[in-house]
Amino acid sequence: MMMVPKVFSLFQLFSLLYLFTVTFASTEEATALLKWKATLHNQNNFLLASWKPSSNACKEWYGVICFHGRINWLNITNASVFGTLYDFPFSSLPFLEYLDLSMNNFSGTIPPEIGKLANLIYLHLSINQISGTIPLQIGSLAKLQTLYLFDNHLCGTIPGEIGSLRSLTKLSLGTNSLNGSIPASLGNLTNLSVLYLYGNQLSDFIPKEIGYLRFLTELDFSDNSLNGSIPASLGNLNNLSVLYLYGNQLSGSIPEEIGYLRSLTKLAFSNNSLNCSIPASLGNLTNLSLLYLYGNQLSGFIPKEIGYLRSLTELDFSDNSLNGSIPASLGNLNNLSVLHLFGNHLSGSIPKEIGYLRFLTELSFCNNSLNGSIPASLGDLNNLSLLYLFGNQLSGSIPEEIGYLRSLTKLSLHTNSLNGSIPALLGNLTNLSILYLYGNQLSGFIPKEIGYLRSLTELDFSDNSLNGSIPASLGNLTNLSILYLYGNQLSGFIPKEIGYLRSLTELDFSDNSLNGSIPASLGNLNNLSVLYLYGNQLSGSIPEEIGYLRSLTKLAFSNNSLNCSIPASLGNLTNLSLLYLYGNQLSGSIPEEIGYLRSLTKLSLHTNSLNGSIPASLGNLTNLSLLYLYRNQLSGFIPKEIGYLRSLTELAFSNNSLNGSIPASLGNLTNLSLLYLYGNQLSGSIPKETGYLRSLTKLDFSNNSLNGSIPASLGNLNNLSFLNLHRNQLSSSIPSSICNFTSLQILNLGRNNLKGAIPQCFSNMSGYLEVLDMHHNNLSGTLPTTFSVGSVLRSFNLHDNEIEGKISISLANCKELQVLDLGDNHLIDTFPMWVGTLPKLQVLSLRSNKLHGPIITSRNESMFVELRIIDLSCNDFSGNLPMSLFQHLKGMRTIDQTMKSPKYLGDEYYHDSTTIATKGLEIELVRILTIYTAIDISSNKFGGHIPNIMGDLIALRVLNFSHNEFQGHIPPSLGNLSVVESLDLSFNHLSGEIPQQLSSLTSLEFLNLSHNYLQGCIPQGSQFATFQKNSYEGNDGLSGFPISEGCGSHRVSETNYTVFAPDDQESNYEFFKDFCKAALMGYGCGLCIGLPIIYFIISTRSSKWLARIIEELEHKIIMRRERNSEVKGRNNRFWTSYQSRKRSRQRHYRR
């Protein structure tokens, strides 16, 4: 009986001792947590308000759970706590198993003391601001099963020690900045079911050891920088349901072994560099619901086995290099909602079986090479909300059945070859927000039913062949923000109902045939930012109401027939950045109010009939980069305020009537790359400040009245590629600073009064200088002599200067040369045989120099192959014409029958020109047609026979052998020159009859056979009936029309004519030249001086030639008077066989 109280007392003692110990331990843990709370930035957090010393931590504290009186669970997730973990009591919580601090604002690093939580099973620190590295001590948490550190700012490598956590089932380190490689030690985590490393900067290979994790169900390594191939060992992960490797740099092929993962439901390898073909083994993944392989370099066919994946809901193979056809087996994927195959090289037709996919909501086959028609079966896809077939080669009409897809919100069939009309049934698609049919061959009217699509926000029918008028029903589309109908054949008026579309931000009706006036109702479109009506036939004035569109940023009414003045109300459009009104018939002055548009970057008013002066207020447009006012009737001075436009890159005031001097303030425009002032009446000198424009690439002051010297400061323009000072009154010498140009490609100083020597540095610039034109100046000295190998010079024109000496043989290095014109100088040399080796030479003019001797050429078959114009006239060449000179003239042997519009030598910046004698007149070809061909060797001492080979040059248009010593008969082969227009063989010693074959020359407009020894009957034909007596005079043996009424049958003996000796002929030639000079001197100095000079010449020469000389002069005067009425200008008249020209309109801008 006494033992029972004793035993009870002992039990009570141990119980009290235990309770005392537990209470003591809990108090220590609570105190440690309170100390940590005191370090938090928001200690007054309402969720942690329960953490008080006076309260029971195990029962009353938020987020705390105890087991046997010790803190076992701490969960303060999403509690808006701000602080760090530096003072967290890791060592004071030895029994802690569950720690969740996620979704707060903890910052700083993870302290290494975390390794003291020896009993920790669950650690969740995700969605914070924690930085630094993952501490190695985390590998000490041997009992850890869940480790979540995702969505922080952790950096550094993943510690290999994590591979020691063999109890781990879930590991998520995603969305950090971890780098380095994935440690192979993770392969030790054999209990792992979830492994997330996505959204880091991990690199290197995926370890094959990952394939050891056989309990893995979810693996996500996406959005890293992993490279190398996908390890085949992943095929061992039999329990895997999610495999995400997208957004890396993985390469190589997709392993066949991936097809073993029969539990897989989601597979995404997208946005890598995987290549080769898609393995057919993927067809085994019958549980797969999502398959993303887009954004790789996969090639080959789409396996038909993909059609076995009947659980698939999303399939995306887009942006690869897949080819072949779309397999019909895809029609088996009955659960498919998304099918994206866009951006491949797929060909063939769209299988009708695609129409079986009744759950499909998104179908995109765009940007492939699919052909054939759109299958009508697509009309069965009742759930479809997106249909993108654009960027293929689809043809045929748009199926009416597309109009059954009432769930459709986005329909884009643009950039194909669809034809036919737009089906009216599209008006049933009342949920449609985007309708793109542009870039096809659709024709017919725009259906009025399109006006039923009241949900439509974007409508684009541009670049088709639609005709008819714009339906007024489009005014019902009140949600429309974009309306593009440009590039069609629409006609009629712009409906006033368009003014109802108050949500419209962009309206483009450009490049159609719309007429009538611009409706004033457009002024209601308050949200409009882009209004393009250019390239139509609109007339009338610009409505004042356009000035109400204060949201407008781009306005283009160019290339219409608008008239009247520019409304001042446009000055209200203060957001306008682009204003294009060019190519109309606008008149009046430029409104001062345009100067209020301070947001304007591009202003183009060119090609109108604007007059008055340029308003100084334009100087306020300080954001302006482009200012085009050319081709108007503007007058007055250029305002100095234009120099305030420091953002200007292109300035063109050309082809106006501006006068006065060029303002020096233009030198402030240091961003200017293009400056065109040509075709005005500007005078004074070129400002030296022009040399400050160091960004300038193109400078054109041509066709003005500028005088003075070329400023040396222009040599500072290192970026200049084009300089044109042609047709001014510039004088003095060319400054040596011009040698500083290092980018100059085109230099045109022609038709000025420049004098002095040609700078020798020009030949050193031939490595980049393509055009050097200084014709019609007073330049003297010799030609540059150091043209080097590799020269790119293609046009060299020094015509009509005072150049002396020899022709520089260094020009033989200019293999790109197409035009060489050294005519009308004082060069003394023999024929430059090396010129024939220039492979691209098309024009050679050496006329009116002192070149002499016979022409000696090589038998090289590549001589003069491209030559089209050769002018050696008015020199002292002698001897027989070598046949080899004409033997290889390929450019004169074929007539181009394919050319539909005229083509000229040169480019958009420079047109080659030359001077030539044709049809009895000397003319300047200011532009040289590529089909124009001419040979002029007149006024030399060539003798012998005219080569028969001349008849092979069937493309020849001008042939002039006059004033030489040719003998023998006229070759009948000249009758082959079917397009020849001018033929002059006068003043030679030709004999015999005129070949009958010449009567077939139906293009012949000018014929001169006078002053030879021809005899017999003049051939009769349609062209020969137009020639007058002076074409044959001086041939006493000729008869027939127009010399006589009939032609006898007798033949006149050749012995009736005296043949002059060569010495006499040479004397005649020299005397003729001297006589011409004397006559000109008499004309210029007066009759009193001229007549004594003529008397002196006659007294020192044989007077028997005087009658013949006077006769020749009389002939030239008569011919000039008769032909002068036919030739009105100096430009070429030889485009007779190409009368029908097509004008291709260029679109100067597009969004």
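**Aromatic pairs, disulfides and nonpolar cores**

Good morning. The count of aromatic ring pairs in this structure comes to 24. Before I go through some of them, please keep in mind that this is a predicted model.

A pair of aromatic rings is described by the distance of the centres and the angle of the planes. I begin with Trp-73 and Tyr-98, whose rings are stacked, with 3.6 Å from centre to centre and 10° between the planes. Trp-73 belongs to strand E2, residues 70-75, and Tyr-98 to strand E4, residues 98-100, so this pair ties together parts that are 25 residues apart in sequence. As for accessibility, Trp-73 is partly exposed, at a relative accessible area of 30%. Tyr-98, by contrast, counts as buried, because its relative accessibility of 15% falls under the 20% limit.

Tyr-98 also takes part in a second stacked pair, this time with Tyr-122: the centres are 4.2 Å apart and the angle between the planes is 0°. Which parts of the chain does this second pair tie together? Tyr-98 lies in strand E4 and Tyr-122 in strand E6, residues 122-124, so the pair joins parts that are 24 residues apart in sequence. Tyr-122 is buried as well, with 18% relative accessibility. Taken further, ring pairs link Trp-73, Tyr-98, Tyr-122, Tyr-148 and Phe-150 into a cluster.

I turn now to the cysteines. How many disulfides does the structure hold? There are two. One of them is formed by Cys-58 and Cys-66, with their sulfur atoms 2.0 Å apart. The angle about its S-S bond is -85°, and the link of Cys-58 and Cys-66 is left-handed. Cys-58 counts as partly exposed, at 22% relative accessibility.

The other disulfide joins Cys-739 to Cys-761, at 1.9 Å from S to S. The link of Cys-739 and Cys-761 is left-handed too, with -75° about the S-S bond. Cys-739 sits in the loop between strand E44 (729-730) and strand E45 (746-748), while Cys-761 lies in helix H3, residues 761-764; the pair therefore ties together parts that are 22 residues apart in sequence. Are the two partners buried or exposed? Cys-739 is partly exposed, at a relative accessible area of 28%, whereas Cys-761 is buried, at 13%.

Two further cysteines may be mentioned for their accessibility. Cys-155 is partly exposed, with a relative accessible area of 32%, and Cys-874 is also partly exposed, with 31%.

My last topic is the nonpolar interior. The largest nonpolar core has 284 residues, and those that touch the most other members are Ile-162, Leu-195, Leu-243, Leu-339, Leu-531, Phe-796 and Ile-935. Which elements give two or more residues to this core? They are helix H1 (3-39), strand E1 (64-67), E2, H3 and helix H4 (884-887). H1 gives the most, with four residues.

Ile-162 may serve as an example of a core member. Once its neighbours within four places in sequence are left aside, Ile-162 is in contact with Ile-138, Leu-147, Leu-168, Leu-171, Leu-173, Leu-186 and Leu-189. Apart from the largest core lies another, of 15 residues, including Val-843, Leu-905, Ile-923 and Tyr-932.

To close, I return to two elements. Strand E2 holds Trp-73 of the stacked pair and is also among the elements that give two or more residues to the largest core. Helix H3 holds Cys-761 of a disulfide and is likewise among those elements. Thank you.

Technical notes: Residues are numbered from 1 along each chain as its sequence is written. This is a predicted model: local features need pLDDT of at least 70, side-chain atom pairs count only at pLDDT 80 or more; totals for chains, interfaces and linings use all residues. Side-chain values use heavy atoms; hydrogens and water are left out. A disulfide is a pair of cysteine sulfur atoms within 2.5 Å. Buried means under 20% relative accessible area, exposed over 50%, partly exposed in between (1.4 Å probe, protein chains only). Rings of Phe, Tyr and Trp (its six-membered ring) pair if their centres lie within 6.5 Å; planes under 30 degrees apart count as stacked, over 60 as edge-to-face and the rest as tilted. A nonpolar core is a set of buried Ala, Val, Leu, Ile, Met, Phe, Trp, Tyr and Cys residues joined through side-chain atoms within 4.5 Å. Contact means heavy atoms within 4.5 Å.
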